[in-house]
Amino acid sequence: MRRVVLGSAVLAGVLALGCGCASTTDDTTAGAAAEGAAPGAPTGVTAAAGSATSVHVMWNAVGARAGVTAYEVYRGTAKVREVPGSVHMVDVVRLAPGTAYAFTVRARDGEGRLGPPSREVRASTPAATAADRSAPTRPSGVAGRAVGATAVQLSWSAATDDRAVVSYDVYQGGTRIHSVGGNQTATVVTGLRPGTRYAFTVRARDAADNLSAAGPAVRLTTGPGTGAADRDTAPAGFRATSHRADGAYYLDLAWVPPRVDGVVTEYEIRLDGRTATSLVWGGNAPRDEASYSFYLGKETGWTVRVRLRARLPDGTWGALSAERTVTTGGADGAGGTG
């Protein structure tokens with residue numbers, strides 16, 4: 001499973017199914033793969049220097065029905081990177097300082113068909129400077145207290161760096177859930193769950209992206225909630241159906257995001273008890289109803305059990321939804337829910 005963050009209106013994930021296919025949803029894309037056509041050109045391609053020797057390239061996903069399984073990144077006419085179809089960003093490294101480069105991206109489907117190149121984007125690496133390989137010292141004196149049922153207040157002693165600390169990252173377990181500027185040594189973390197025990201750590205970051213070791217963990221328990229709703233972290237109204245298009249079946253999911261303090265941007269989908277895909281909204285995540293559709297295969301009579309859960313703003317996973325059962329090619333031609 002991969003976690004991929006994309007633009008404001010795009011979802012991404014990797015689907016590990018017996019059919020060996022991966023896809024994302026885009027209802028505006030025609031069934032190119034089923035018709036034997038190559039995928040379209042990736043859109044929204046950008047390139048920006050990440051350092052004197054690297055450039056970060058990003059692009060939007062090509063639509064689901066194109067059956068994209070990989071993307072190829074080119075520098076000029078030379079292919080420099082290949083990534084799975086679930087990934088839509090990459091760092092091109094080992095470049096020369098002070099040099100202009102041109103990049104394009106191409107999509108490839110499960111049949112090996114390679115689509116046309118995207119529009120060309122350019123980026124120039126800056127001139128080389130004295131290397132900064134020294135990470136800041138780790139923050140010390142981390143302390144905190146619960147502020148009601150859904151927030152904590154944290155403070156720490158400033159870290160030092162040979163140049164400057166530009167930010168502090170707050171982690172809950174292994175997940176970064178908050179960041180503040182390098183001139184701050186205190187913050188309030190919201191969007192937590194009532195009556196839940198947390199372990200927070202703080203790390204300092206400098207301008208060269210060097211990250212300090214984590215400061216000592218501070219363990220806090222949020223206050224009690226006001227009722228059952230505070231504990232209901234499962235997606236509600238979960239529905240699952242299938243439809244047939246272009247000779248294949250697609251699984252269609254819809255749900256209401258859990259009502260928590262903050263916006264839910266990531267979901268994990270499970271098929272037959274195993275994690276199949278991770279969906280991440282990069283912005284404008286749905287608050288009232290979310291939906292997702294992906295390719296299942298051409299087999300009629302295939303039954304799958306499906307559930308999902310949300311990664312909450314506090315970095316923990318919420319409860320699993322109700323389980324639904326879908327059979328491709330049901331009596332109504334669309335499958336059904338259980």
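The legends below describe close-up views of a predicted model of one protein chain.

Local features are taken where pLDDT is at least 70 and side-chain atom pairs at pLDDT 80 or more, while totals for chains, interfaces and linings use all residues. Residues are numbered from 1 along each chain as its sequence is written, and side-chain values use heavy atoms, with hydrogens and water left out.

**Figure 1. Overview of the protein chain, with 0 helices and 21 strands.** Helices (H or I, at least four residues) and strands (E, at least two) are DSSP runs, numbered from the N terminus. Of the 338 residues, 43% are buried, meaning under 20% relative accessible area; exposed is over 50%, and partly exposed lies in between (1.4 Å probe, protein chains only). A contact is a pair of heavy atoms within 4.5 Å. Where contacts join residues at least 6 apart in sequence, 66% of them link residues at least 24 apart.

**Figure 2. Confidence along the chain, with an average pLDDT of 79.** The pLDDT is the predictor's confidence in each residue, from 0 to 100. A score of at least 70 is reached by 80% of the residues. Residues 1-34 have pLDDT below 50, and this stretch has 102 contacts in the model beyond near neighbours in sequence. Residues 331-338 also stay under 50, with 18 contacts beyond four places in sequence. Where pLDDT is low, the predicted coordinates should not be read in detail.

**Figure 3. Two of the 7 aromatic pairs found in the whole structure.** Rings of Phe, Tyr and Trp (its six-membered ring) pair if their centres lie within 6.5 Å; planes under 30 degrees apart are stacked, over 60 edge-to-face, and the rest tilted. Trp 156 and Tyr 168 make a tilted pair, at 5.4 Å centre to centre and 55° between the planes. Trp 156 belongs to strand S9 (residues 152-157) and Tyr 168 to strand S10 (residues 165-172), 12 residues apart. Both of these residues are buried. Trp 255 and Tyr 267 make an edge-to-face pair, with 5.0 Å between centres and 65° between planes. Trp 255 is in strand S16 (residues 248-256) and Tyr 267 in strand S17 (residues 266-271), so this pair ties together parts 12 residues apart in sequence. Trp 255 and Tyr 267 are buried.

**Figure 4. Arginine side chains over tyrosine rings, at Tyr 171 and Tyr 249.** A charge sits over a ring if NZ of Lys or CZ of Arg is within 6 Å of the ring centre and within 35 degrees of the ring normal. Arg 203 lies over the face of Tyr 171, 5.7 Å from the ring centre. The charged end of Arg 244 is 5.0 Å from the centre of the Tyr 249 ring.

**Figure 5. Surroundings of Asn 210, in the loop between strand S13 (197-206) and strand S14 (218-221).** Asn 210 has a relative accessible area of 17% and is therefore buried. Its side chain reaches the backbone oxygen of Asp 132 at 2.9 Å. Beyond four places in sequence, Asn 210 touches residues including Arg 133, Pro 136 and Arg 205.

**Figure 6. Surroundings of Thr 222, in the loop between S14 and strand S15 (236-245).** Thr 222 is buried because its relative accessibility is 4%. A polar atom of the Thr 222 side chain lies 2.5 Å from the backbone oxygen of Arg 193. The Thr 222 side chain also reaches the backbone nitrogen of Thr 196 at 3.0 Å.

Technical notes
Polar contact = N/O pair within 3.5 Å; in protein donor to acceptor, adjacent residues only side chain to side chain.
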